[in-house]
Amino acid sequence: MEIRMNSSEIQPDKEEAWKSIQSKIEDKRQTATPAGHHIYRLWKWAAVACISLLIGLSAGLLFNSKSLSYRTASISYQTQNGKSFITLPDGSHVWLNANSSLDMPIRFGEKTRQVRVNGEVLFDVRHQPDIPFVVQCRSFDIKVYGTRFNVRESATENNTEVTLLEGSVSIYTEENEKETSLTPENTAYFNPATNRIEILPADTFLTALWANDKLVLEDQPLGKVAEALEAWFRQKIIVASQLKDIHYYRLTIRDESLDEILKLMQKTGKFKY
């Protein structure tokens, strides 16, 4: 959003105004009586005051025009219990998980595309080499080169992680301007205990699973099903070791709750939870 004031087009014709006032003064002088000299002096001071006011008004409007010409507004997207999908002005795609937010200007600048995130967000960024895409997180910033990646910030701990699905990104902090490059199928994890960024291998399928419209599992053992459910619902699930490779399942999950799914699986798998 741009706020413009076209006051720069207001250019008072000071010479014409002065001529008009002088003409009126001459008329008054020709018909002036001794008492009229006082009127002449009043006209003179009024003329000076008028021109000063016009000049001051013009300068003031021009100053305000410059200060208000390009004032950029921002917008914030927030989710509560559900997930949301957004298309950014540059054509990039963003998925917001539950209890997450994205802050950004209504219109990107000419030199950078910068956003701020909180919670969990999946990006599919459109490649524009001349206009870098930067994601500001709680613990570090991400410089994006046109790629697909997932950002996750813990709500209870000071943990931040970015998992690269495809493409290329680099990570950097305010304390350390040196960038850390990240390759696909790896996670950059900020460890608050050491105040350092660690690179760890990642299961990208499970990482990005939450952003899908549905979860489809074909003949998977209980252990793999539990991992998928954990990623889908973002809730820790512990399976007894003797049950992980038995009881294969075929499931399609859309809006069902975790409790509903486990109750259904319990009937065929003969397990307790």
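A residue counts as exposed when its relative accessible area is over 50%. In this predicted model, asparagine 99 reaches 56% relative accessibility and is therefore classed as exposed. Asparagine 99 sits in the loop that links strand S3 (93–96) with strand S4 (101–105). Its backbone also deserves a look: most residues other than glycine have a negative phi, whereas asparagine 99, although not a glycine, has a positive phi of about 55°. A second asparagine, residue 195, has a positive phi as well, of about 60°. Asparagine 195 is found in the loop between strand S13 (186–191) and strand S14 (196–201).

Strand S11 (residues 169–172) offers a helpful example of how side chains are arranged. In a regular strand, side chains alternate between the two faces of the sheet. Here Val169 and Ile171 point one way, while Ser170 and Tyr172 point the other way, and all are buried. Strand S11 has partners too. Strand S8 (residues 141–144) runs antiparallel to S11 and is joined to it by four bridges, with aspartate 141 standing opposite tyrosine 172. Three bridges connect S11 to strand S12 (residues 180–182), again in an antiparallel arrangement, and in this pairing serine 170 faces serine 181.

The largest pocket holds about 680 Å³ of space. Strand S9 (148–153) and helix H4 (222–233) are the elements that each give two or more residues to its lining. Of the 25 lining residues, Asn97, Ala98, Glu120, Arg152 and Arg234 lie nearest the centre of the pocket. By character, the lining comprises five nonpolar, ten polar and ten charged residues.

Terms used:
Residues numbered from 1 in each chain as written. Predicted model: local features only at pLDDT ≥ 70, side-chain atom pairs only at ≥ 80, totals over all residues. Heavy atoms only, no water. Buried < 20%, exposed > 50% of the residue type's maximum accessible area, 1.4 Å probe, protein only. 1 Å grid on protein atoms, 1.4 Å probe; cavity = no way out; pocket = protein on both sides within 12 Å on 5 of 7 lines; lining within 4 Å. Points joined across faces, edges and corners; volume = space filled by probe spheres on them. Nonpolar A, V, L, I, M, F, W, Y, C, P; charged D, E, K, R; others polar. Pairing = 2+ DSSP bridges.
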